[in-house]
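Please read the following walk-through with the coordinates open beside it, since each paragraph leads from one part of the fold to the next.

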Amino acid sequence: MAVYHGSDGPDPMHAAAIDDAAKALLLAWDVAREQVTPRMSSVQLNALLAVERSEGLNLGGLAAELGMLLSSASRLCDRLVASGMVERVPGRADRREIALYLTPASRTLLAELRRIRRRALTGVLEKMSSGGRAALLRGLTEFAAAAEEGNGSASAQTA
């Protein structure tokens, strides 16, 4: 991996090296998702995560969060309601507006997904040195903060 030694910005090799290294992390997430939600698409899972982050989110907010058309978000929501993962509740201020909430089944699913993913990550982290784990945590924490700052409220869409 390239090492950065200056203040004029990151070495372009960093992005490539991080992209390569991140494959293992993404694989752990994908394996966990497939174990817990084999019949759920990544878009459906991202919708659950968006609702989890913003309980009471309306369809417009869901569409914006997922970067999709309102009609697509509505169909996605229909599928999630039909599968028992999301419930629609009339809005408190405007009864015509629909608020979205997770169901107990979806909360259980997300908790199981995180449990499996964290178990897999623990297995990998145990093979690393304590210094490597500390550096990884520091780097990922700073990376997440920079990404959040650059994207406003659009945070990572993972469980």
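Against which elements do the buried residues of helix 4 pack? In this predicted model, they pack against helix 2, helix 3, strand 2 (86-90) and strand 3. The residues of helix 4 that are buried are Ala73, Leu76, Cys77 and Leu80, and, seen down the helix axis, they fall within an arc of 100°, so they line one face of the helix. An α-helix has 3.6 residues a turn, so residues three or four places apart point the same way. With 13 residues at 1.5 Å a residue, helix 4 should span 18 Å, and its end C-alpha atoms are indeed 18 Å apart. After helix 4 comes Gly84, whose phi is positive, near 80°.

The wider setting is a protein chain with six helices and three strands, arranged from the N terminus as α-α-β-α-α-β-β-α-α.Of its 159 residues, 25% are buried, and among the contacts between residues at least 6 apart in sequence, 49% join residues at least 24 apart.

The largest nonpolar core contains 24 residues, and those with the most contacts inside it are Leu48, Leu62, Leu80, Met85, Leu100 and Leu110. Two or more residues of this core come from each of helix 1 (12-36), helix 2 (42-53), helix 3 (59-66), helix 4 (70-82), strand 3 (98-102) and helix 5 (104-125), with helix 2 giving the largest share, six residues. Met85, once its neighbours within four places in sequence are left aside, is in contact with Met40, Leu48, Leu80, Tyr101, Leu102, Thr103, Ala105, Ser106 and Leu109.

Conventions. Residues are numbered from 1 along each chain as its sequence is written. This is a predicted model: local features need pLDDT of at least 70, side-chain atom pairs count only at pLDDT 80 or more; totals for chains, interfaces and linings use all residues. Side-chain values use heavy atoms; hydrogens and water are left out. Helices (H or I, at least four residues) and strands (E, at least two) are DSSP runs, numbered from the N terminus. Buried means under 20% relative accessible area, exposed over 50%, partly exposed in between (1.4 Å probe, protein chains only). Contact means heavy atoms within 4.5 Å. A nonpolar core is a set of buried Ala, Val, Leu, Ile, Met, Phe, Trp, Tyr and Cys residues joined through side-chain atoms within 4.5 Å. The expected span of a helix is 1.5 Å times one less than its number of residues. The arc is that of the directions from the helix axis to the C-beta atoms.
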